[in-house]
Amino acid sequence: MLYGLKIAIRYLTASKAQTALLVVGVAVGVFIFIFMSALIGGLAEFILSRTVGDISHVTIQAEDADPALLIAPELLGTGGQVLAVIERGRARTATLAEAATFIPLIEAVPGVRAVSPQITGAGFLTRGGQVAQVSVTGVEPGRESAILDLRGYMTEGSERLGSGLILLGRTLADDLSLRLGQTLRLQSSSGVAMVLTLSGIYDTGNGRLDDSSVYVSLPTARTLFALPQGVTRIEIKLTDLNAADATALRIRGLTGMDAKSWTEGAEQLMEALDAQAQTGYFLKTFALITIVIGVASALLLSTYRRRPEIGIMRAMGAGRGFVVFVFVTQGALVGLLGGLTGAALGYLALLPFPSRDAFRAGTLPMDITQGSYGLAIALTVIGAILASILPARAAARVDPVTAIGQ
């Protein structure tokens, strides 16, 4: 085996220009493989961060209870008509009454990064003669950026919420001509109104959030929506958003509450990401096919040129298996050298690109961590070995007498 390795190395070094050209060709294929892996993977991460990064990965939402039936069905005759039966009293908001008990359990689940109990509802924001309908979210002080990174999106003021403070989006603040420190009136759908002070303005780039969502502290939301206890929603952020389905099932079994993953209702996004991944597989496959064809062509040419030498080896007692080993080893060495060179070039080419945490709109989302360097080298070596089998078998079938006579 060692002798066969020496012969394979001698064959490669005997024609340095041809070997170098072959290694460069393999390195280019590996470079393309790594570049496409980083691009496709980075693009998927960028899309997910822009669409899912600022939302809850698992959500527990309080469901409205069925209205009480005030008249038994058997008392409703077919001759009369009942248009409506209304329970007297104001409407009540559905709540998760035992949320405080389950939050420590949820926080202890592996993979859970943050938990945010919230009270949500609708309201009207009034400033002078201007009125805007808004979506109100009450969050615990200290958890303002647990789900949506309000701290990172703040353009003025602070994201910290306290009693009597409110956060608005940039578009809404501009529409109402509001500045920091000014007061405004917020009336909830329950009819409760409070005068609040604008303490911060954020700009997420999401029009729905920036022009219609406001944030207040959880105690303020309790007063606005007349909820002395419980919350209406629990939002959960995970370390790995791809584990949302499994984590939701685990939380559901642990607490008995209906935890839902972000993937429910996101079928179109998942289909688009799958299609993108399939495209990446095709492109990387074409790169490997190019490598295989290049190695096979070069070794077939080498076999033809070295027929006399192969004939001499056969005449001296070298078996067909030894000849096959020499050419397969030659292909494996070409694949290894080209794979290492291409991986190194790919890594160096990806270094200037920002990390996944620093992706910005308008930049190429290249993720250096998804270059699949080891996989690229392994597949290249395997592909080169497979590509060398046909030339090796052709070399092993060389007749010694005929080859030496040439």
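Trainee: Which residues are linked with Glu107 in a network of salt bridges?

Mentor: Side chains of opposite charge can pair when their charged atoms come close. A salt bridge here is a side-chain nitrogen of Lys or Arg within 4 Å of a carboxyl oxygen of Asp or Glu. Glu107 shares its network with Glu140 and Arg143. Between glutamate 140 and arginine 143, the closest N and O atoms are 2.7 Å apart.

Trainee: What kind of model is this, and how are residues numbered?

Mentor: It is a predicted model, in which local features need pLDDT of at least 70, side-chain atom pairs count only at pLDDT 80 or more, and totals for chains, interfaces and linings use all residues. Residues are numbered from 1 along each chain as its sequence is written, and side-chain values use heavy atoms, with hydrogens and water left out.

Trainee: How many salt bridges does a search of the whole structure find?

Mentor: The search finds nine. One of them joins glutamate 144 and arginine 160, at 3.7 Å from N to O. This pair links distant parts of the chain, 16 residues apart. Glutamate 144 lies in the loop between strand S3 (130-139) and helix H4 (150-153), and arginine 160 in the loop between strand S4 (154-157) and strand S5 (165-169). Helices (H or I, at least four residues) and strands (E, at least two) are DSSP runs, numbered from the N terminus.

Trainee: Is glutamate 144 buried or exposed?

Mentor: Buried means under 20% relative accessible area, exposed means over 50%, and partly exposed is in between (1.4 Å probe, protein chains only). Glutamate 144 has 5% relative accessibility, so it counts as buried. Arginine 160, with a relative accessible area of 47%, is partly exposed.

Trainee: Which residues form a nonpolar patch on the surface?

Mentor: Patches are made of residues with over 30% relative accessible area and no salt bridge; like charges are joined within 9 Å, nonpolar side chains (Val, Leu, Ile, Met, Phe, Trp, Tyr) within 5 Å. Here the patch consists of Phe282, Leu283, Phe286, Ile289 and Ile293, with about 500 Å² of accessible area together. Accessible areas come from the Shrake-Rupley method with a 1.4 Å probe; for residues, only the protein chains shown count as cover. Isoleucine 293 sits in helix H9 (residues 267-305) and is exposed, at 51% relative accessible area.

Trainee: What does the secondary structure of the protein come to?

Mentor: There are 13 helices and ten strands. Of the 406 residues in the protein, 43% are buried.
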